[in-house]
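Subject: Handover of a structure and findings

Dear colleague,

Please find below the sequence and structure that I am handing over to you. My findings follow directly after it.

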Amino acid sequence: MIASLSGTVLKVGLDSLVVGVGGVGMLVHTTPATAASVRLGQPTELATTLVVREDSLTLYGFATDDEKHVFETVQTVSGVGPRLALAVLAVHSPDAVRVALGTGDLAALTKVPGIGKKGAERMVLELKDKLGALPGSAGQAAPVQLGTGEAWREQVREALVGLGWTIRQADDALDKVAPLAADGAGVSALLRAALQELGR
């Protein structure tokens, strides 16, 4: 089990990184916020979970141990795999997940692509007491600024499609959040806004 990773950032995608460790480039799937928080050529340290399947070994990386804990705990619910667990963290901070589960906020949970009303109800039922005490408030991490320009559109579309939306749905959401890009919003903030549009 690879529990953590320290190395140099060799490549940054919107929802993945390649980290150089001892001459080997490790592909790590992350949330957009985590990917946006690192810099090319700089050292980084991530808490990681290795998911082993018959035909693949997939590494997921997190900025904090708390994110990793939420990622692993959410997967104890039947029907929730690593991609869906990562989507939960792409939309909500760990504390926001705790608040949604603790208060039975189905609307917040169904904003995650791939989680319907029944799935949200199952998550609340099975996880209500598993993620620890509720924080004072649902603190969302501040969006991290990335280079904008029209490049943001391709990056956000790719992330939305990767999370399970169709290209048409993604493009509709992109059109709605385009004014935010004109105001200088970062890619991470634009992705969050697009997810909120799609969750309506």
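**Salt bridges and helix packing**

Asp-95 is partly exposed, with a relative accessible area of 28%. Please note that the model is a predicted one, and that the values below are computed from it.

Asp-95 is a suitable place to begin with the charged pairs. Its side chain forms a salt bridge with Arg-98, and the closest N and O atoms of the two residues are 3.2 Å apart. Both residues belong to helix H4 (residues 94–103), where a separation of 3 residues places them about one turn of the helix apart. Arg-98, in contrast to its partner, is buried: its relative accessible area is 9%, which is under the 20% limit for that class.

In total, the model contains 5 salt bridges. Another of them joins the side chains of Lys-117 and Glu-121, at 3.3 Å from N to O. These two residues are 4 residues apart in helix H6 (residues 117–127), and are therefore separated by about one helical turn. Lys-117 counts as exposed, at 56% relative accessibility, whereas Glu-121 is partly exposed, with a relative accessible area of 35%.

A further salt bridge is formed by Asp-171 and Arg-157, whose closest N and O atoms are 2.7 Å apart. Asp-171 lies in helix H8 and Arg-157 in helix H7 (residues 151–162), so this pair ties together parts that are 14 residues apart in sequence. Asp-171 is partly exposed, at 23% relative accessibility. Arg-157 is buried, because its relative accessibility of 19% falls under the cut-off of 20%. As for shared partners, salt bridges join Asp-66, Asp-95 and Arg-98 into one network.

**Helix H9 and its two neighbours**

Two packed helices are described by the angle between their axes and the distance between the axes. Both descriptors are given here for the two pairs that involve helix H9.

The axes of helix H8 (residues 167–182) and helix H9 (residues 187–199) come within 9 Å and cross at roughly 130°. H8 and H9 are therefore oblique to each other, and their crossing is right-handed. On the H8 side, the contact consists of Gln-169, Ala-173, Lys-176, Val-177, Leu-180 and Ala-181; on the H9 side, it consists of Leu-190, Ala-193, Ala-194, Glu-197 and Leu-198. By class, the residues of this contact divide into 8 nonpolar, 1 polar and 2 charged.

H7 and H9 pack at an angle of about 50°, and their axes are 10 Å apart. This pair is therefore oblique as well, and the crossing of H7 and H9 is right-handed. From H7, the residues Trp-152, Gln-155, Val-156, Ala-159 and Leu-160 meet Val-187, Leu-190, Leu-191, Ala-194, Leu-195 and Leu-198 of H9. The contact of H7 with H9 comprises 10 nonpolar residues, 1 polar residue and no charged residue. Leu-190, Ala-194 and Leu-198 of H9 appear in the contact with H8 and also in the contact with H7.

**Helix H2 and its surroundings**

In helix H2 (residues 65–74), the buried residues are Glu-67, Lys-68, Val-70, Phe-71, Thr-73 and Val-74. They pack against helix H1 (32–37), strand S4 (43–53), strand S5 (56–62), helix H3 (82–91), H4 and H6. Two of these partners have been met above: H4 holds the pair of Arg-98 and Asp-95, and H6 holds the pair of Lys-117 and Glu-121.

**Two individual positions**

Val-99 is situated in helix H4 and is partly exposed, with a relative accessible area of 23%. Along the chain, Val-99 and Lys-130 are 31 residues apart, and their C-alpha atoms are separated by 12 Å.

Leu-27 is found in strand S3 (residues 24–29). With a relative accessible area of 45%, Leu-27 is also partly exposed. Leaving aside residues up to four places away in sequence, Leu-27 touches Ser-16, Leu-17, Val-18 and Leu-59. The C-alpha atoms of Leu-27 and Gly-61 are separated by 9.4 Å, with the two positions 34 residues apart along the chain counted as their distance apart.

Yours sincerely

Conventions. Residues are numbered from 1 along each chain as its sequence is written. This is a predicted model: local features need pLDDT of at least 70, side-chain atom pairs count only at pLDDT 80 or more; totals for chains, interfaces and linings use all residues. Side-chain values use heavy atoms; hydrogens and water are left out. Axes are lines fitted to C-alpha atoms, for helices over the stretch in contact, and angles run from 0 to 180 degrees between N-to-C directions. Angles under 35 degrees count as roughly parallel, over 145 as roughly antiparallel, 65 to 115 as roughly perpendicular and the rest as oblique. A crossing is left-handed if the near helix is turned anticlockwise from the far one by less than a right angle, and right-handed if clockwise. Contact means heavy atoms within 4.5 Å. Ala, Val, Leu, Ile, Met, Phe, Trp, Tyr, Cys and Pro count as nonpolar, Asp, Glu, Lys and Arg as charged, and the others, Gly among them, as polar. A salt bridge is a side-chain nitrogen of Lys or Arg within 4 Å of a carboxyl oxygen of Asp or Glu. Buried means under 20% relative accessible area, exposed over 50%, partly exposed in between (1.4 Å probe, protein chains only).
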